[in-house]
Amino acid sequence: MFDLTGKNALVTGASGGIGAAVATALHAAGAAVTLSGTREAPLQELAARLGSRAHVVTANLGDAAAVEALPKQAAAAMGSVDILVNNAGITRDNLFMRMSDEEWAQVLEVNLTSSFRLARGVLRGMMKARWGRIVSITSVVGQTGNPGQGNYAAAKAGLVGMSKSLAYEVASRGITVNCVAPGFIETAMTDALNDEQKSRILGQIPAGRMGRPEEIAAAVLYLSSTEAAYVTGATLHVNGGMAMV
Amino acid sequence: MSDIADRVKKIVVEHLGVEEEKVTETASFIDDLGADSLDTVELVMAFEEEFGIEIPDDAAETIQTFGDAVKFIQQATA
């Protein structure tokens with residue numbers, strides 16, 4: 001099941017916990033992968049670990065020109081981009097009253113606008129191939145909100161609306177557009193939380209534990225597969241039951 | 001009919017699955033040939049590739065009929 005042999009995937013934020021797990025899962029299913037991120041060393045390490053069919057293209061998703069170039073670079077490395085995983089994300093948390101325009105703009109730029117530009121950039125090839133998968137990693141907080149994350153929650157909710165609209169437009173061309181919404185996952189982003197924050201969060205998770213990056217990757221793998229051809233405009237929540245939406 | 005017109009017609013016939021006779025000078029892609037808005041985007045992409053030209057969005061909007069397409073491409077490749 002879920003054989004991606006011959007498919008080519010671009011994964012942003014591949015140096016992070018979830019991104020690396022997603023790239024690893026797609027690669028294990030037979031896909032070629034282009035690993036993108038800002039830090040080259042961890043990307044190269046991951047590529048070396050994966051072996052063949054792994055390429056590295058560094059890109060700062062806050063830089064519009066770099067974002068425009070990324071799909072072309074990935075297609076040049078692999079031959080095409082059949083699967084796009086918009087995973088890269090940053091946080092600039094602050095109380096709403098204290099949030100600066102810059103904190104707002106940076107998070108929207110990297111988490112939402114770059115996903116729009118990347119999706120636009122890969123569509124032509126997918127339309128011609130009559131096959132494509134776009135999966136954006138959103139977040140449970142896009143649905144529930146979270147104090148201190150007005151910018152992040154707005155960007156993540158924005159991904160859902162963007163994906164649904166695009167899903168309408170390209171469904172007849174064999175292209176699906178979906179989101180995966182992780183809850184609290186063990187990554188560098190959640191390592192930054194203190195113990196009190198963590199125990200408060202765990203109290204809200206029926207599963208009683210944080211999720212693992214591999215559990216997000218499995219959801220992305222499914223939505224990237226041929227078997228998921230009839231799933232589009234959907235958000236798959238992977239959160240241990242903390243928000244049953 | 002020029003060579004350009006023949007090539008454009010071939011793309012339109014293949015892409016929209018219409019009969020060749022229907023692709024006349026004044027045939028509108030949307031009103032007469034059953035294209036939806038995404039089909040028109042794909043046609044423009046196909047023209048760009050076939051003729052090695054760039055068709056900017058504002059120009060693409062003026063290409064409503066088969067004749068419009070042929071005329072635009074003739075000028076762009078002249």
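## Helix packing on the sheet of chain A

Helix α4(A) lies across three strands of chain A, namely β4, β5 and β6 (175-182), and runs at about 175 degrees to β4(A). Helix α6(A) also packs on the sheet, where α6(A) touches β5, β6 and β7 of chain A. The direction of α6(A) makes about 160 degrees with that of β6(A). The model described here is a predicted one.

## The sheet

In general, the strands of a sheet pair through backbone hydrogen bonds, in either a parallel or an antiparallel manner. In chain A, seven strands form an open sheet with parallel pairing, and their order is β3-β2-β1-β4-β5-β6-β7. The edges are formed by β3 (54-58) and β7 (235-238) of chain A, each of which pairs on one side only. From one strand to the next, the twist averages 15 degrees.

Within this sheet, strand β4 (residues 83-86) of chain A pairs with strand β5 (residues 132-137) of chain A in the parallel sense, over four bridges. In this region L84(A) stands opposite I134(A), a residue of β5(A). Both strands also lie under the description of helix packing given above, as α4(A) lies across β4 and β5 of chain A.

## Extent of the contact between chains A and B

Seven residues from chain A and eight residues from chain B take part in the contact. The two chains bury about 690 Å² between them, and 45% of this area is on carbon and sulfur atoms. On the side of chain A, the residues that lose the most area to chain B are R124(A), M127(A) and R173(A), which together account for 70% of what that side buries.

## Polar and charged interactions

Between chain A and chain B there are seven salt bridges. One of the residues that lose the most area, R124(A), forms a salt bridge with E48(B), in which the closest N and O atoms are 2.7 Å apart. Five residue pairs are in polar contact between the two chains, counted with both residues at pLDDT 80 or more.

Two elements of chain A give two or more residues to the side that touches chain B: α4 (101-129) and α6 (150-170). Of the elements of chain A, α4(A) gives the most to this side, with three residues. By class, the residues of this side comprise two nonpolar, no polar and five charged.

The two helices thus appear in both parts of this report: α4(A) and α6(A) give residues to the side of chain A that touches chain B, while α4(A) lies across β4, β5 and β6 of chain A and α6(A) packs on the sheet.

Terms used: Residues are numbered from 1 along each chain as its sequence is written. Chains are lettered from A and ligands numbered from 1 in the order in which they are written. This is a predicted model: local features need pLDDT of at least 70, side-chain atom pairs count only at pLDDT 80 or more; totals for chains, interfaces and linings use all residues. Side-chain values use heavy atoms; hydrogens and water are left out. Contact means heavy atoms within 4.5 Å. Buried area is the accessible area (1.4 Å probe) that two parts lose on being put together, summed over both. A salt bridge is a side-chain nitrogen of Lys or Arg within 4 Å of a carboxyl oxygen of Asp or Glu. A polar contact is a pair of N or O atoms within 3.5 Å; within protein, one must be able to donate a hydrogen and the other to accept it, and residues adjacent in sequence count only if both atoms are side-chain atoms. Ala, Val, Leu, Ile, Met, Phe, Trp, Tyr, Cys and Pro count as nonpolar, Asp, Glu, Lys and Arg as charged, and the others, Gly among them, as polar. Two strands pair if DSSP finds at least two bridges between them. Axes are lines fitted to C-alpha atoms, for helices over the stretch in contact, and angles run from 0 to 180 degrees between N-to-C directions.
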